[in-house]
Amino acid sequence: MQRASGPAPRWPLAAAILLVSGYVFGSIGAPDRSVAAYFRGLRPDRRALLMTLPVLLLMPAILLLGHLLERLMGGSPPIPYVFTASPLNWLPTIVFGLLSVAALTGGNEEHGWRGVMQPVLHKRVSPLVAAIMIAVVWDVWHFPLHLAGAYGDNMDLMAIFLQRLPGLVLQSIVLAAIYQWSKGSIYLCILYHASINTMVGFFAGNDTQLYPILVGVVVAAGLTVGLQLWKRDGFRPAAPRG
């Protein structure tokens, strides 16, 4: 009797995510100084705590400004969900989404992108160039998820790569700016990454996302100019030993 085929069990992946997350967060106080140096930004200092709310509200602000811009340009986008439902319907979902993404899924990527790659690349290039390089790796990083069917059956990886890259470049620049301005807070980068993954469905007013992208371009350009991300003399974390 042949066994019926079906989707592979996902509990091993979930268990692996939990173990990796526990290891990374546990690295904040690692006895190995070279490990602890990379991940000390996971522990928020007073500056990072004061920036928590502005960082969490940045993505909703971009989405809502994009909605407003579309209306000013004569469009009629759907009203964002947060204005059509009671906060009791969407606020708990947003809070749970932010916490779960920050601790278990997308937020974990920031341990690598801003926790390791940003300071390593900044030894040789500017934060702006580092952000663009990270965006390319960030995009390619999703390929195994596509091959596993996590994003549907579309297997044209090159088309997916090219479509997603501009948005990831913008977000990577914003994250590099947060990292620089906060003097290396991975904690804030995790929160912003979690807000990217969580807020769109609640605050977006249109399907194409064109107008929020235009606002995102302005925000990324403003942060680049304001923090002079093209210069190599910005914040650099102390080089880990070992």
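## Close-up views of a predicted model

**View 1. Ser-185 is a buried loop residue.** With a relative accessible area of 4%, Ser-185 is buried (under 20% counts as buried, over 50% as exposed and anything in between as partly exposed, using a 1.4 Å probe and protein chains only). Ser-185 sits in the loop between α8 and α9; helices here are DSSP runs of H or I with at least four residues, numbered from the N terminus. Apart from neighbours within four places in sequence, Ser-185 is in contact with Gly-41, Ala-48 and Tyr-179, where contact means heavy atoms within 4.5 Å. A word on the source: this is a predicted model, in which local features need pLDDT of at least 70 and side-chain atom pairs count only at pLDDT 80 or more, while totals for chains, interfaces and linings use all residues. Residues are numbered from 1 along each chain as its sequence is written, and side-chain values use heavy atoms, leaving out hydrogens and water.

**View 2. Tyr-192 meets many partners in the largest nonpolar core.** Such a core is a set of buried Ala, Val, Leu, Ile, Met, Phe, Trp, Tyr and Cys residues joined through side-chain atoms within 4.5 Å. This one has 54 residues, and Leu-188 and Tyr-192 touch the most other members. Helix α8 gives the largest share, 14 residues. Setting aside neighbours within four places in sequence, the contacts of Tyr-192 include Val-55, Leu-58, Gln-171 and Ile-178.

**View 3. Helix α4 has a buried side and an exposed face.** The 18 residues of α4 reach 25 Å from first C-alpha to last, close to the 26 Å expected at 1.5 Å a residue (1.5 Å times one less than the number of residues). Its buried residues are Trp-90, Ile-94, Gly-97, Leu-98, Val-101 and Ala-102. They cover an arc of only 110° around the axis, so they lie on the same side of α4; the arc is taken from the directions from the helix axis to the C-beta atoms. On the face turned away from that side are the exposed residues Leu-88, Phe-96 and Leu-99.

**View 4. Trp-90 and Phe-203 form one of four aromatic pairs.** Their ring centres are 6.4 Å apart and their planes at 75°, so the pair is edge-to-face (rings of Phe, Tyr and Trp, with its six-membered ring, pair if their centres lie within 6.5 Å; planes under 30 degrees apart are stacked, over 60 edge-to-face and the rest tilted). The pair links distant parts of the chain, with Trp-90 in helix α4 and Phe-203 in helix α9, 113 residues apart.

Terms used: Helix = DSSP H or I, 4+ residues; strand = E, 2+ residues; numbered from the N terminus.
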